[in-house]
Amino acid sequence: MRRSRRHDREILALAVPAFGALVAEPLFLIGDSAIVGHLGTAQLAGLGVAGSALSTLTGVFVFLAYATTAAVARRIGAGDRRAAIQQGVDGIWLALLLGLPLVLLGYLLAPATAHLLGASATAAPYAVTYLRISSLGIPAVLMVLAATGVLRGLQDTRTPLVVAIGSFSANLLLNLGLVYGAGLGVAGSAWGTVLAQTGMAAAYLFVVVRGARRERAVLRPDLAGIRACARAGGPLVVRTMALRGVLVLATAVAARLGDQQVAAHQIAMTIWGFLAYALDAIAIAGQSIIGRYLGADDPAGARAATRRMVQWGIGSGVLLGLLVLATAPLYLPLFTPDPAVRGQLWAVLPLVALTQPACGVVFVLDGVLMGAGDGTYLAWAMTGTLAAFAPVALAVPATGAGLAGLWWAMNLVMLVRAAFLVGRTRTGRWLVTGAVRG
């Protein structure tokens, strides 16, 4: 009982601020959308296309946060804070090296990206403008991901929360001033976001550099360390791309079912995504805690913490599922006035609620295995999940199962992922101890 309380304190201390930071991050785009939406429909549509491209890019490179968290936490567990920060500095250099060429690619490929994502003739110029200016902020975004991983590995999720809130506030003020005060329109929104992202990166760098100097860590780039960070992140890129494949395929299938169905699917995915933030906060705690235990050569502590976090995940999933159904009459009118779309939503919301306990298990164990540095297994597991989902999802239009059938397939995704992850944790093969995963 005493150990459970200790784990509960650890989980809450890391997960609660992490949840706040996770919720603050998408507010960048929400704030941009609210401001740009008053300029006109074409401008908002262009921002929507650009935002989709930028969020996909961020999703691909999220390994910079995940891999850095695990590596830094291991060093902390081993009692070597200097090496932990050094590992984080290498991750930030990798982020910068990846981000610089993406600035040029983002600028050159902006028209092709807008066309690929289906921007209309009226929306495309705004999408291109936003993408070209926003590409300047890509290095800052990637450095923020890596620096966030450093602080999470150091068991600090409060600083990312403070920085995220400050950056969102700055973004909102800059957008209002540049879009309306300076009359720059969509370009002003993009510039405001780039400036806020740059300020966010500067704040993180200040914290990390201060810590590095305190521990006398080397700030110059170390090629061996950068290569090690890249190798650790490679499998997580595969895992993320496979997960993105599931989400894109689900949207494509929903689009084939009809306009009402795809509208309801997007709303359901928005709700599902918000619920994921709550569960992902526990996963972030898992990355930090498990990495630290394994670095300290304490596999028993890692197992005990995992069991407790799984209990938290299941309990949170049950609570969130009940809230989805109980509060639906309150939030559905905010999304759509169309009774046909609402009817479709009422058919899938019970399925969204039903899968939340399984989501709790999946998100927690995903974070646990990331914290253990078990990225190769996660890549194979997510690829296998995509292979299981694809034929079932593609069969939905032909079977006439409708949107409910697609969401049964989405539930299958979570069950398959749970089977992969639970099976892995039971084997104990992920319990590799030491300051560096061999």
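This report describes cavities, a pocket, two helices and two residues in a predicted model.

## Closed cavities

Rolling a probe the size of a water molecule over the atoms shows where empty space is left. In this model, three cavities of 30 Å³ or more are counted. The largest cavity has a volume of about 50 Å³.

Its lining consists of Arg239, Asp366, Leu378, Ala381, Met382, Thr385, Arg417, Phe420 and Leu421. Two elements, helix H17 (375-399) and helix H18 (402-427), each give two or more residues to this lining. H17 gives the most, with four residues. By residue type, the lining of the largest cavity has five nonpolar, one polar and three charged residues.

## Arg239, a residue of the cavity lining

Arg239 is one of the residues that line the largest cavity, and it lies in helix H11. Is Arg239 buried or exposed? Arg239 has a relative accessible area of 8%. Buried means under 20%, so Arg239 is buried.

Leaving out residues up to four places away in sequence, Arg239 touches Tyr66, Asp366, Met370, Leu378, Ala379, Met382 and Arg417. Among these contacts, Asp366, Leu378, Met382 and Arg417 also appear in the lining of the largest cavity.

## The second largest pocket

The second largest pocket has a volume of about 520 Å³. It is lined by 27 residues, and those nearest its centre are Ala71, Ala228, Ala232, Gly373 and Arg437.

Which helices each supply at least two residues of this lining? They are helix H4 (63-77), helix H5 (81-108), helix H11 (223-257) and H17. The largest share comes from H4, with nine residues. The lining of the second largest pocket divides into 15 nonpolar, seven polar and five charged residues. H17 therefore contributes to this pocket as well as to the largest cavity.## Gly225, another residue of H11

Gly225 lies in helix H11. Gly225 has a relative accessible area of 10%. The cut-off for buried is under 20%, so Gly225 counts as buried.

Gly225 and Gln87 are 138 residues apart in sequence. In space, their C-alpha atoms are 6.9 Å apart.

## Helix H9

Helix H9 covers residues 158-181 and has 24 residues. What span should H9 have at 1.5 Å a residue? The expected span is 1.5 Å times one less than the number of residues, so H9 should span 34 Å. The C-alpha atoms at its ends are 33 Å apart, which agrees with the expected span.

The buried residues of H9 are Pro160, Val163, Ala164, Ser167, Phe168, Asn171, Asn175 and Val179. After H9 comes Gly183, which has a positive phi, near 70°.

## Helix H12

Helix H12 runs over residues 259-295, 37 residues in total. From its first C-alpha to its last, H12 reaches 51 Å. At 1.5 Å a residue, 54 Å would be expected, and the value found is close to that.

Where is the kink in H12 centred? The kink is centred on Ala278 and amounts to about 30°. H12 is mostly covered, with 27 of its 37 residues buried. Asp297 follows H12, and its phi is positive, near 60°.

Note on methods. Residues numbered from 1 in each chain as written. Predicted model: local features only at pLDDT ≥ 70, side-chain atom pairs only at ≥ 80, totals over all residues. Heavy atoms only, no water. 1 Å grid on protein atoms, 1.4 Å probe; cavity = no way out; pocket = protein on both sides within 12 Å on 5 of 7 lines; lining within 4 Å. Points joined across faces, edges and corners; volume = space filled by probe spheres on them. Nonpolar A, V, L, I, M, F, W, Y, C, P; charged D, E, K, R; others polar. Buried < 20%, exposed > 50% of the residue type's maximum accessible area, 1.4 Å probe, protein only. Bend = angle between axes of the 7 residues up to and from the residue. Contact = heavy atoms within 4.5 Å.
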